[in-house]
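Reader: I have a model open and a few questions to throw at it. Shall we start with the empty space inside and work outwards?

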Amino acid sequence: MKTRNVVLVVAACVSLLSLRPLPAAAQTSSAEEIIRRSHLAEYYPGDDMKARVLMRLVSKDGKERIREMTMLRKDLQEGGEQRYFIYFHRPPDVREMTFMVWKYPQKNADRWLFIPALKLVRRIAADDKRSSFVGSDFSYEDISGRNVGDDAHRLLREEALGGKDAYVIESIPKDSAGSDFGRKVSWIDKRTLLPLKEEYFDKRGDMAKVFSADEVKEIQGLWTITKRTMRDVQTGHRTEATFQEVRYNLGLPETLFSERYLRNPPPEAVR
């Protein structure tokens, strides 16, 4: 079935909710398809990508820290295996630090971190995917994406958010021990299929974190979240990430995403 036909079928199924309830199995199927397509729209636009990323870490009392980095991504398979490479420019205590992800569709990603002060490459354990990414409110998993099949998805309703029509979908981890949240509610833009907002609830049912897409632009014909915020509701801390100089389809070589370049990446790739 062609991609356009799939979109039309999903949209038609969802619109019928206003007329009569769908069976639970049909709701689950539609929700998983929407989340899968949203995952592609957010994490797989183009064959590769390069961007300058500015992170502002803001505490409850307004104190802020800055992280600036270059992010590279290459897709080996649409919706499947990926490579990420991140090089830190500032502040001085993380300058020249690098982070690499090899992402797989059916198993935990491999992650490496090079710490220049120690001249040490550290392999990040699979359980660390839920840990904070360099002190921010984003986790390692937030950076490269969570496997769609790790959660059970259910379409709750349709509604407008910020003037945009959205699907509202609940996602519950299939393995509660393998996740730091009990459930997630996502608002998926019907037009771009990008997440407009995500609410994360802890295992007690209390809201823990809120993600928001603050700015979305079309770049080289691809919809891109250029400003995003992750806010820790319980501590009042938040992280704002701005993507600048975003470029797609650069023909990045796969060899760039290797452990040898963690210590000494090519200057032209990360400047």
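Reader: How many residues line the largest cavity, and which of them lie nearest its centre?

Author: Keep in mind that this is a predicted model, where local features need pLDDT (the predictor's confidence in each residue, from 0 to 100) of at least 70 and side-chain atom pairs need 80 or more, while totals for chains, interfaces and linings use all residues. Residues are numbered from 1 along each chain as its sequence is written, and side-chain values use heavy atoms, with hydrogens and water left out. A cavity here is a set of points on a 1 Å grid over the protein atoms alone where a 1.4 Å probe fits but cannot get out, and a lining residue has an atom within 4 Å of a point. The largest cavity has 44 lining residues, and those nearest its centre are Glu42, Tyr43, Asp142, Gly145 and Arg228.

Reader: What is the volume of that largest cavity?

Author: The whole structure holds two cavities of 30 Å³ or more. Grid points are joined across faces, edges and corners, and a volume is the space filled by probe spheres set on the points. On that basis, the largest cavity comes to about 680 Å³.

Reader: Which element supplies the largest share of the lining of the largest cavity?

Author: Helices and strands here are DSSP runs, H or I over at least four residues for a helix and E over at least two for a strand, numbered from the N terminus. The chain has five helices and 13 strands to pick from. With six residues in the lining, the top contributor is helix α2 (residues 24-43).

Reader: And the largest pocket: which residues are closest to its centre?

Author: Unlike a cavity, a pocket is an open set of points with protein on both sides within 12 Å along at least five of seven lines. The largest pocket holds about 410 Å³ of space. It is lined by 23 residues, and the ones closest to its centre are Pro105, Asn147, Val148, Gly149 and Asp150.

Reader: Where should I be wary of the coordinates, in terms of pLDDT staying under 50?

Author: The mean pLDDT is 88, and 88% of the residues reach 70 or more. Where pLDDT is low, the predicted coordinates should not be read in detail. The model does have 18 contacts (heavy atoms within 4.5 Å) beyond four places in sequence for the stretch with pLDDT under 50, which is residues 1-26.

Reader: Is Lys50 buried or exposed?

Author: Lys50 lies in strand β1 (residues 48-58). Leaving out residues up to four places away, it touches several others, including Thr70, Leu72, Glu245, Val246 and Arg271. Buried means under 20% relative accessible area, exposed means over 50%, and partly exposed is in between, using a 1.4 Å probe and protein chains only. Because its relative accessible area is 9%, Lys50 counts as buried.

Reader: Which backbone oxygen does the Lys50 side chain reach at 3.2 Å?

Author: These are polar contacts: pairs of N or O atoms within 3.5 Å, where within protein one must be able to donate a hydrogen and the other to accept it, and residues adjacent in sequence count only if both atoms are side-chain atoms. At 3.4 Å, the Lys50 side chain reaches the backbone oxygen of Glu268. At 3.2 Å, the backbone oxygen reached belongs to Ala269.

Reader: Which side chain makes a polar contact with the side chain of Thr226?

Author: Thr226 sits in strand β12 and is buried, at 4% relative accessible area. Its contacts beyond four places in sequence include Val216, Ile219, Ala241 and Phe243. The polar partner, at 2.7 Å, is the side chain of Glu215.

Reader: How far apart in space are Pro195 and His39, C-alpha to C-alpha?

Author: Pro195 is in strand β10 (residues 195-201) and is buried, with a relative accessible area of 2%. Among the residues it touches beyond four places in sequence are Ser38, Glu42 and Trp187. Pro195 and His39 are 156 residues apart in sequence, yet their C-alpha separation is 8.9 Å.

Reader: Any backbone oddities? Which peptide bond is cis?

Author: Most residues other than glycine have a negative phi, and most peptide bonds are trans. Gln220, in the loop between β11 (207-219) and β12 (222-232), has a positive phi of about 55 degrees. Glu245 in strand β13 (residues 238-248) also has a positive phi, near 50 degrees. The cis bond, with omega near 10 degrees, runs from Arg90 to Pro91.
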